[in-house]
Amino acid sequence: MSEQALRLGTRRSKLAMAQSGQVADAVSQVTGRPVELVEITTYGDISRENLAQIGGTGVFVTALREALVRGEVDFAVHSLKDLPTAQPEDLALAAVPVREDVRDVLVARDGLTFAELPDGARVGTGSPRRMAQLNAYARSHGMTIETVAIRGNVDTRIGYVRAGELDAVVLAAAGLNRIGRIDEVTDFLSVDNVLPAPGQGALAIECAADNADLVAALGELDDPFTRVAVTAERSLLAALEAGCSAPVGALADLLADGQIVKEMRLRGVVGTTDGSTLVQLSTTGPVPETHDQAMSLGRELAAEMLAKGAAGLMGERAL
């Protein structure tokens, strides 16, 4: 490889720039080549429409992928939860690095935890998945909350709390960690109560499938455990999306005995946004050793969830 700089396509948001900068440093180290960031504006960045209305997950990804295919950038970094579940044939998912914190977090006024929120508290989130689970959790603990649909970057969302318009907002821990604002969190929501979005906390590094040298170089940043986990989660999502339109939460985690990883547990949830109905199931088995094994783990759990009533749950499109 020449010393020519590699061009990394990234969205312009503060979070995207932060995570792309971290990947750029890592790619520089494994390739010995400089990496320059190329900022690309996506439809999801400029549209003020509700994400569910403008097509959900793909809106942040399409422009980056088009730049890759046109050869304007050499590789791109996405938040994995934004990637549509079908992978285009001309692009390779070259690396899924070690995952960040998967949890959702609360940023509330006056340092409140979720359990301390007052009756009728207004909680902002743009995600039907979070709404469904937060409403269900509140209901099961005799609390009443009002979930409020919001959009915008981290500053905008936390700003609603600081301005007193909302009592709290729910965000992903990973994003706040990456931009250095995790100290503003007032409560970390346990995955036992709120399952994250499939792939939450993980990044996807994508490049042209026919660039074998770059695919191999980027592959050094891949974490095999993170990859099988997110593959199982996304397989569950794809199978559920085919059979129900309710929002999906999923998490595959590794169960270890001391230092030895023994098994993988996959948990899934779908529900109505008001939280009145949730279908929640889990399965545990050997850690998948191949892409196909991870895919079938997700499909099997999805089939069980659909049989348990997930197919009857209609909601907004999952974000």
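D110 sits in the loop that links strand 5 to strand 6 (121–125). In this predicted model, D110 takes a positive phi of about 55 degrees, even though it is not a glycine. Its side of the story at the surface is simple: with a relative accessible area of 64%, D110 lies over the 50% cut-off and therefore counts as exposed.

Step back along the chain to A108, which belongs to strand 5 (residues 104–108). Here the relative accessibility is 3%, under the 20% limit, so A108 is buried. Apart from neighbours within four places in sequence, the residues in contact with A108 are L117, V161, D167, A168 and T186. For a sense of distance across the fold, compare A108 with L301: 193 residues separate them in sequence, and their C-alpha atoms are 34 Å apart.

Strand 5 also leads us to another loop residue. D104, where strand 5 (residues 104–108) begins, is in contact with V194, as are R129, Q133, L134 and L189, again leaving aside neighbours within four places in sequence. V194 itself is found in the loop between strand 9 (187–189) and strand 10. Is this loop residue buried or exposed? V194 is buried, because its relative accessible area is 3%, where buried means under 20%. Although V194 and A250 are 56 residues apart along the chain, 9.4 Å separates their C-alpha atoms.

Now let us turn to helix 3 (residues 62–69), where A63, L64, R65, A67 and L68 are buried. An α-helix has 3.6 residues a turn, so residues three or four places apart point the same way. What covers the buried residues of helix 3? The cover includes strand 1 (6–10), strand 3 (75–79), strand 4 (91–95) and strand 10 (203–208). Just after this helix comes G71, with a positive phi of about 80 degrees.

With these local views in hand, we can look at the nonpolar cores. The largest one has 24 residues, and those touching the most other members are L236, L240, M264, V270 and M305. Two or more residues each come from helix 8 (224–243), strand 11 (248–257), strand 12 (260–271), strand 13 (278–286) and helix 9 (291–307). Helix 8 is the biggest giver, with six residues in this core. M264 offers a good place to centre your view: beyond residues up to four places away in sequence, it touches V228, A229, A252, D253, L254, T283, T284, G285, P286, V287, P288 and L297. There is also a second, separate core, made of 16 residues, among them A94, A95, L203 and I205.

Finally, zoom out to the whole protein chain, which has nine helices and 13 strands. Its radius of gyration is 19 Å, close to the 20 Å from the globule rule for 319 residues, so the chain is as compact as a globular protein of that length. The C-alpha trace spans about 65 × 45 × 40 Å along its principal axes. Of the 319 residues, 52% are buried. Among contacts with a separation of 6 or more, 72% join residues 24 or more positions apart. On the outside, the accessible surface amounts to about 13700 Å², and carbon and sulfur atoms account for 49% of it. The chain carries 29 positive and 43 negative charges, and the mean positions of the two sets are 4 Å apart.

Key: Residues numbered from 1 in each chain as written. Predicted model: local features only at pLDDT ≥ 70, side-chain atom pairs only at ≥ 80, totals over all residues. Heavy atoms only, no water. Helix = DSSP H or I, 4+ residues; strand = E, 2+ residues; numbered from the N terminus. Rg over C-alpha atoms; globule rule 2.2 N^0.38 Å. Buried < 20%, exposed > 50% of the residue type's maximum accessible area, 1.4 Å probe, protein only. Contact = heavy atoms within 4.5 Å. Areas by Shrake-Rupley, 256 points an atom, 1.4 Å probe, with all protein chains shown as cover. Lys, Arg positive; Asp, Glu negative; His and termini not counted. Charge placed at Lys NZ, Arg CZ, Asp CG, Glu CD. Core = buried A, V, L, I, M, F, W, Y, C linked by side-chain atoms within 4.5 Å.
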